[in-house]
Amino acid sequence: MRALCWHDVNDLRVRSVPDPEIVNPRDVVLRVTMTTPCGSDLHFIDGYLPTMREGDVIGHEFMGEVVETGRKVEDVSAGDRVVVPSFIGCGSCGYCRDDLWSLCDNTNPNAELQEPILGDTTAGIYGYTHAFGGYAGSHAEYVRVPHADENCFHVPDELEAEQALFASDAWATGYMGADFCDIRDGDTVAVWGCGGVGLMAQHSAALMGAERVIGIDRFPERLRAARNEAGSETIDYTAVDSVVDTLKEMTGGRGPDACIDAVGMEAHGTGIEYAYDRAKQSLRLHTDRGTALRQAIRACKKGGTLSILGVYGLLDKFPMGVVMNKGLTVRTAQQYGQRYVPELLEYAAEGDLDPSYLATHERSLEEGPAAYDMFKHKEDGCIRPVLTP
Amino acid sequence: MSSALSTAIPETLRSGAIVQSYSAADGGDSRGKRLATMAAGGLLLAAGLRRRSLSGTVLAGGGGWLVARGVSGSDRPVRTLASAIRDRDGVGAGVPEGMPTVERSITVGAPADELSEYWHDPEQLTRIMGPFAEITGAGEDRLHWELETPRGPNLTWETEITADEPGESLRWESLEGTTIPHEGEVRFRSAAGDRGTVVTLRLQFDPPAGSLGAAAFQRLGIVPETVAKKALRRFKSLVETGEIPSLEHNPSARGSGDLL
């Protein structure tokens, strides 16, 4: 089959690779019908996340049609149209039973690569470094999905592919980030980043009853999507002296009740702190640029919630004293998709939230490298390209 | 990033071939050891620095430490878990020097009385031990272990169950005269609350210094700690889900399968 592979830093290539096969009895093989790049892919493409190998099939946000099932799969059959969360859960371990699916104990075959750094292991994920499992990704014609009964969610017939696809990751992650905020009447939620995850977090916060939602970015089309699609107010951080001061003024001097970081380790910003972070990261003296996260910590209301969805390495300057003295609650995780996907598909079917506006460009698999390039550089108003293998 | 390095390093990590002393008080060629330590350290340091990444930093740090060690001529063995365990009162007491012993625990979400049988059954034990060895029955309470080697004949040895308290513990040891004298014990105790069972695996390998066994171990990059940790993880997955996560037939442009 054809697949989009990581060849080296900033070098993706479409290659011919062997077809996946059923390995374990609860596996299925899907024909991938739609898959999309995630902002977190850019971190290993840019070389900031280790343990990629030449030839790895990438991609972790996808949906497809079941073509083959293992002998112990019960709830999924050939021909079913399903959407699959990016982190793989087993459904049996204590973490899965507690609905903390990305912490699953039983789906990372390379746990020993992760443990020295994390002190423990995460679930496996498709196409996202060997430390995170080494599973072949979804930017391919076919993909193997382990523990299919736990990981395949049937897409209602009435939904278009673009309405269901983002439940795989961007929407589930954004929704979880808003859920972490325990939103109450009158709350203001600020969201750093108006990409797929940030927009879904804003949309979800509004669905959960936030009085005001504020999106922060610098790209006009993304800020426009935040206003027009998610109903947010927006801040263009390149147009204000201080994001923190602007947020304080917008909230009567209190600061947002909850702040969601949907940016992560390659944040952009302005001013001296950003220049310092950027220089240090380019020299590989540290892995992260934490501009967005530090702003969120400073802006957040005392006693408020900091919800971190951005992906980080070992950020070396974290203002713990500010978190501590302001009594912030930090909530963070890789997405617990299996917990949220059923309700997301229900929202989509009811027409409460249609995420298909994220899909700004449709491309073939062969056009994958160019699509990633456009996505990375935010060209042509791109929020998310979708690939149709 | 050099693509040769980017593939070489994960291989090193994967095989668990992390420099490890067997803490044998052999007082052998200390200059040779120092040079070997420095060379290994230098390799890791260079690889780590060239990787310019998170794992690279870890590698470089470890490499730098080994170089410093080689330069300072420290003859103190790299501290192994075996020696750490020996140092602790009560646990592993009486384990002689030269025997790498590891003890590792994992919590499995099942009651203890369902767990013993996995360690009796050669088929299940082979799945648990994964790439380490293939295990077959060799008569009552006896198992035959076979370890494939890249070159030369396979390593084989036999073990016998020496103590068996269902739901509590199981012990085995290799028969006299085997290539890889080996002892194992698995213990079960209830975890707090409804968290299942704490399973503790103790493995002790006894490759006599300079013997075929020791050489084979080092050549194969077998680190008992890695063997124990992987075995426990695989055991837990097998018990909790009925299967073990696998990269068999995993597609990539390198081919099919990323067997570790």
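Me: Which residue of strand 2 of chain A stands opposite Ala3(A)?

Reply: That's Arg15(A). Before we go on: this is a predicted model, in which local features need pLDDT of at least 70, side-chain atom pairs count only at pLDDT 80 or more, and totals for chains, interfaces and linings use all residues. Residues are numbered from 1 along each chain as its sequence is written, while chains are lettered from A and ligands numbered from 1 in the order in which they are written.

Me: What makes strand 1 and strand 2 of chain A a pair?

Reply: Strands are DSSP runs of E with at least two residues, helices are runs of H or I with at least four, and both are numbered from the N terminus. Two strands pair if DSSP finds at least two bridges between them. Here 6 bridges join strand 1 to strand 2 (residues 11-16), and the two run antiparallel. With 6 bridges against a minimum of two, they therefore count as a pair. They form a hairpin with 2 residues between them, and Asn10(A) in the turn has a positive phi of about 55 degrees.

Me: What else belongs to that sheet, and which strands of it are at the edges?

Reply: It's an open sheet of 3 strands in chain A, in the order 2-1-4, with antiparallel pairing. Strand 2 and strand 4 (56-57) each have a single partner strand, so one side of each has no neighbour in the sheet, and that puts them at the edges. Helix 14 (residues 368-376) lies across strand 1 and strand 2 of chain A, at about 155 degrees to strand 2.

Me: How do you know whether His7(A) is buried, exposed or partly exposed?

Reply: Count C-beta atoms, placed from the backbone: 20 or more others within 10 Å means buried, 12 or fewer means exposed, and anything in between is partly exposed. His7(A), in strand 1 (residues 2-8) of chain A, has 16 such neighbours, so it is partly exposed. Leaving out residues up to four places away in sequence, His7(A) touches Leu12(A), Arg13(A) and Glu54(A). Touching, or being in contact, means that the C-beta atoms lie within 7 Å.

Me: Where is His147(A), and what is its burial class?

Reply: His147(A) sits in the loop between strand 7 (142-145) and helix 4 (148-151) of chain A. It has 27 other C-beta atoms within 10 Å, so it passes the mark of 20 and is buried. Its phi is near 45 degrees, a positive value in a residue other than glycine. Most residues other than glycine have a negative phi.

Me: What about Asp141(B): what is its class?

Reply: Partly exposed, because 13 other C-beta atoms within 10 Å falls between the two limits. Asp141(B) is in the loop between strand 2 (134-137) and strand 3 (142-147) of chain B, and its phi is positive too, about 60 degrees.

Me: Why is helix 11 of chain A called largely enclosed?

Reply: Because 8 of its 9 residues are buried. Among them are Leu293(A), Ala296(A) and Ile297(A). The elements that the buried residues pack against include helix 9, strand 9 (188-192) and helix 10 (271-282) of chain A.

Me: How do helix 9 and helix 11 of chain A cross?

Reply: The axes of helix 9 (residues 243-250) and helix 11 (residues 291-299) come within 9 Å and cross at roughly 35 degrees. Axes are lines fitted to C-alpha atoms, for helices over the stretch in contact, and angles run from 0 to 180 degrees between N-to-C directions. The residues making the contact include Leu247(A) of helix 9 and Gln295(A) of helix 11.

Me: How many residues of chain B are in contact with chain A?

Reply: 38 residues of chain B are in contact with 47 residues of chain A. Helix 8 of chain B gives the most to that side of chain B, with 8 residues. By class, the side has 10 nonpolar, 16 polar and 12 charged residues. Nonpolar means Ala, Val, Leu, Ile, Met, Phe, Trp, Tyr, Cys and Pro; charged means Asp, Glu, Lys and Arg; the others, Gly among them, are polar.

Note on methods: Contact = placed C-beta atoms within 7 Å.
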